[in-house]
Amino acid sequence: MVQKSHSQKSKQLVFGDVFGVVMVPKELELEKPENFEVKFQIPDFGKAFKGFVKTREVGEFLSGALAGAMSKAVLAPLETIRTRMVVGVGSRHIAGSFIEVVEHQGWQGLWAGNAINMLRIIPTQAIELGTFEWVKRAMTSSQEKWKKDGNPKIQFGDITLNFPLSWLSPVAVAGAAAGIAGTLACHPLEVVKDRLTVRPEEYTNLTVALSKIYKDGGVTGLYSGLAPTLVGMLPYSTCYYFMYDKLKRSYCVFKKKNSLSRPEMILIGAVSGLTASTISFPLEVARKRLMVGALQGKCPPNMAAALAEVIREEGIMGLYRGWGASCLKVMPNSGITWMFYEAWKDILLADRRVI
């Protein structure tokens with residue numbers, strides 16, 4: 001709105017609550033248009049946020065985070081026993097290791113390192129499961145495009161390189177990508193968790209563990225064992241996600257149903273975890289040796305050396321030391337995680353559910 005002042009050489013401009021005096025020549029004065037109005041609209045951030053939260057990707061990430069938190073809260077004692085047996089601390093038997101922990105640390109010792117484990121598993125599961133779903137959809141869409149338009153090509157002058165990628169399994173690629181993404185994002189928390197579990201008397205809490213690890217190895221200390229972790233993670237993650245997705249789809253086709261019941265999810269998830277763990281367990285043993293070897297005064301230089309050391313000291317069966325405890329932990333953890341994950345997707349993505 002424009003108002004005339006007492007002076008013929010000035011105009012007073014009013015926009016809402018903002019006032020200003022602008023000097024203009026009389027010959028440039030304009031008549032106020034009828035129904036002239038200036039409005040300022042504040043963006044509806046609440047509506048935008050709600051729309052963002054309701055997207056498929058966010059729902060999958062949240063479902064993964066909630067599933068990881070719930071499964072770890074229930075199965076923390078099995079994780080503690082498994083870690084001790086894999087790295088060679090204490091008894092070689094599940095029952096003996098359980099008794100040792102209770103005798104020396106009390107019942108709370110079974111949850112040693114669980115706080116950091118929860119901090120680790122929540123983002124890890126969110127990143128892994130969210131990445132798996134997203135990459136699987138992207139790969140499936142790309143393969144459909146490649147079948148229609150041909151495989152991807154790269155041109156170097158007169159030379160054309162053709163990449164026949166249509167044979168790749170979207171589920172296997174997505175599983176590998178999920179393992180790599182989760183490991184890169186959350187590996188430091190895995191290192192801290194193992195220190196708290198193996199040496200609780202020395203690494204009494206999260207702050208002390210971070211301080212000691214940083215003092216001994218700097219930032220790189222938080223990523224100790226990253227290379228063998230990635231090497232060990234690839235076969236496990238690829239097999240794990242591939243087995244679950246294929247078993248779920250095959251079972252639904254065989255039973256002529258669109259979805260699994262909760263007990264069926266637990267069973268198929270447990271079988272997937274068992275298969276993947278059995279295939280990749282020797283690499284897991286080597287990885288754990290590398291990660292905590294410094295605590296015992298001996299640290300193999302690489303994964304091959306760690307495997308050779310285990311075979312030399314304990315024979316071939318040493319590569320599967322702690323396998324029983326691992327299965328005891330992996331099977332229920334895998335089954336429960338998938339059950340919670342699918343349940344949360346039913347809630348958060350009720351209008352977008354697919355097999």
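Which residues have the most contacts inside the largest nonpolar core? In this predicted model, in which local features need pLDDT of at least 70, side-chain atom pairs count only at pLDDT 80 or more and totals for chains, interfaces and linings use all residues, they are Phe132, Tyr241, Tyr244, Leu260 and Trp338, within a core of 20 residues. Residues are numbered from 1 along each chain as its sequence is written, and side-chain values use heavy atoms, with hydrogens and water left out.

A nonpolar core is taken as a set of buried Ala, Val, Leu, Ile, Met, Phe, Trp, Tyr and Cys residues joined through side-chain atoms within 4.5 Å. Buried denotes under 20% relative accessible area, exposed over 50% and partly exposed the range in between (1.4 Å probe, protein chains only). At least two residues of the 20-residue core come from each of α4 (114-149), α5 (170-198), α7, α8 (262-292) and α10. Helix α7 gives the most to this core, with five residues. A second, separate core holds seven residues, among them Val192, Leu196, Tyr203 and Ile213. In soluble globular proteins, nonpolar side chains tend to be buried together.

The chain as a whole contains 10 helices and five strands, where helices (H or I, at least four residues) and strands (E, at least two) are DSSP runs numbered from the N terminus. Of its 355 residues, 41% are buried. Contacts are defined by heavy atoms within 4.5 Å; among those between residues at least 6 apart in sequence, 70% join residues at least 24 apart. The exposed area of the chain is about 19,800 Å², of which carbon and sulfur atoms supply 65%; accessible areas come from the Shrake-Rupley method with a 1.4 Å probe, and for residues only the protein chains shown count as cover.

Tyr241, one of the core residues with the most contacts, illustrates the surroundings of α7. Residues up to four places away in sequence aside, Tyr241 touches Glu128, Leu129, Phe132, Val171, Gly175, Ala178 and Trp338.

Aromatic side chains were examined next. Rings of Phe, Tyr and Trp (its six-membered ring) pair if their centres lie within 6.5 Å, with planes under 30 degrees apart counted as stacked, over 60 as edge-to-face and the rest as tilted. Eight aromatic pairs are found by this rule. Tyr236 and Tyr240 are stacked, at 5.5 Å centre to centre and with 10° between the planes. These two tyrosines are separated by about one helical turn, because they stand four residues apart in helix α7 (residues 226-255). Tyr236 is partly exposed, as its relative accessibility is 21%, whereas Tyr240 is buried at a relative accessible area of 9%. Tyr240 also pairs with Trp338; the ring centres are 6.1 Å apart and the planes lie at 40°, so this pair is tilted. Because Tyr240 belongs to α7 and Trp338 to α10, the pair ties together parts that are 98 residues apart in sequence. Trp338 is buried, like Tyr240. Ring pairs join Phe132, Tyr236, Tyr240, Tyr241, Tyr244, Trp338 and Tyr341 into a cluster.

Side chains of opposite charge can pair when their charged atoms come close. With a salt bridge defined as a side-chain nitrogen of Lys or Arg within 4 Å of a carboxyl oxygen of Asp or Glu, the whole structure yields 11 salt bridges. Glu60 takes part in two of the bridges described here: one with Arg56, the closest N and O atoms being 3.1 Å apart, and one with Arg137 at 2.8 Å, N to O. Arg137 lies in helix α4 and Glu60 in helix α2, so the latter bridge ties together parts that are 77 residues apart in sequence. Glu60 and Arg56, by contrast, are four residues apart in helix α2 and therefore separated by about one helical turn. Glu60 is buried, with a relative accessible area of 1%, and Arg56 is also buried, while Arg137 is partly exposed at 27% relative accessibility. A further bridge connects Lys248 with Glu342, with 3.3 Å between the closest N and O atoms. Since Lys248 is in α7 and Glu342 in α10, parts 94 residues apart in sequence are tied together. Both Lys248 and Glu342 are buried. Salt bridges with shared partners join Glu133, Lys136, Asp245, Arg249 and Lys345 into one network.
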